[in-house]
Amino acid sequence: MAVAKTDHAVKHRILIVDDHPIFRRGLAQLINQENDLCVCGEADNYHGALKAVDELKPAMVIVDITLKDMSGIDLIKEIRKINKAVTTLVISMHDESLYAERAFRAGAKGYVMKQEASESIVQAIRQVRSGGIYASQKMTELILSRFVEGPKDMAESPLQALTDREIEVFQLIGEGLGISEIGLRLHLSVKTIGTYRERIKEKLNLKNSTELLRYALNWVENERASKK
């Protein structure tokens, strides 16, 4: 019994934050198979995650980019602000070439694509736990290439020019939400969302709202198709 208690005491406590219950369950089973890791709780939204961090005291939080109420990027920033001892690791369906650097800038220590989760997640957890940073070989090479070649080569996609909040608004536009709905989702005023829309149009060189909607719809559709 003493040995079992000792093993449990040294387990690395992990909170999973994802809005898909089946995925959370599968990920928890995978992690709990490891002798030194355990999932101490789950959450499906920003506010529930912050409450769980406060109550459950996890050592690590695994976060999806898209949550029910707020962005995972916002959650990473807030966790970093309230408790720097808690490390964060992103696991997401979203293209790492567009989101990984944003996640790292927010404070995440790793980024894993959901398609590769079963093969990479335990390795990523251990690497981050030991104080390292985890990224796929493709992403590591891309970041190094940008560092060597300079800022002029960074914008492979026009969307790279958008801020974290702008990319979030752009994605919600592509999901068919109107200005009021986006404002409610992000807890921002209609006027503020309108300002973000104008900035997005300017940065993407789009003439009007119709072009913006078409561009955003196509992007979201392509993102979904690439994950099938």
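**Note on helix packing, the sheet and the nonpolar cores**

1. Helix H3 passes helix H4 in a right-handed crossing, in what is a predicted model throughout. H3 covers residues 46-56 and H4 residues 72-82, and the two pack at an angle of about 25° with their axes 10 Å apart. Because angles under 35 degrees count as roughly parallel, H3 and H4 are roughly parallel to each other.

2. The contact between these two helices can be described residue by residue. On the H3 side the residues are Tyr46, Ala49, Leu50 and Val53, and they meet Asp74, Leu75, Glu78, Ile79 and Ile82 in H4.

3. Leu75 deserves a point of its own, since the largest nonpolar core has 49 residues, and of these Leu75 and Phe170 touch the most other members. Leaving out residues up to four places away in sequence, leucine 75 touches Val17, Tyr46, Ala49, Leu50, Val63 and Leu67. There is also a second, separate core of 19 residues, among them Ile31, Val39, Met60 and Val112.

4. The sheet is open and is formed by five strands in the order E2-E1-E3-E4-E5, with parallel pairing. Its edge strands are E2 (37-43) and E5 (110-113), each of which pairs on one side only, and from one strand to the next the twist averages 25°.

5. Within the sheet, strand E3 (residues 60-63) pairs with strand E4 (residues 87-92) in the parallel sense, over four bridges. Methionine 60 has threonine 87 as its bridge partner in E4, and Met60 is also one of the residues of the second core.

6. Two helices that pack on the sheet can be taken together. Helix H2 (residues 21-32) touches strand E1 (12-17) as well as E2, E3 and E4, and its direction makes about 165° with that of E2. Helix H6 (residues 117-129) touches E1, E2, E3, E4 and E5, and its direction makes about 165° with that of E4.

7. A last point concerns valine 190, which is found in helix H10 (residues 190-203). Is this residue buried, exposed or partly exposed? Its relative accessibility is 45%, so valine 190 counts as partly exposed, given that this class lies between the limits of under 20% for buried and over 50% for exposed. When neighbours within four places in sequence are set aside, valine 190 is in contact with Ile179 and Ser180; isoleucine 179 lies eleven residues from valine 190 in sequence, with a C-alpha to C-alpha separation of 6.1 Å in space.

Methods:
Residues are numbered from 1 along each chain as its sequence is written. This is a predicted model: local features need pLDDT of at least 70, side-chain atom pairs count only at pLDDT 80 or more; totals for chains, interfaces and linings use all residues. Side-chain values use heavy atoms; hydrogens and water are left out. Two strands pair if DSSP finds at least two bridges between them. Axes are lines fitted to C-alpha atoms, for helices over the stretch in contact, and angles run from 0 to 180 degrees between N-to-C directions. Contact means heavy atoms within 4.5 Å. Buried means under 20% relative accessible area, exposed over 50%, partly exposed in between (1.4 Å probe, protein chains only). A nonpolar core is a set of buried Ala, Val, Leu, Ile, Met, Phe, Trp, Tyr and Cys residues joined through side-chain atoms within 4.5 Å. Angles under 35 degrees count as roughly parallel, over 145 as roughly antiparallel, 65 to 115 as roughly perpendicular and the rest as oblique. A crossing is left-handed if the near helix is turned anticlockwise from the far one by less than a right angle, and right-handed if clockwise.
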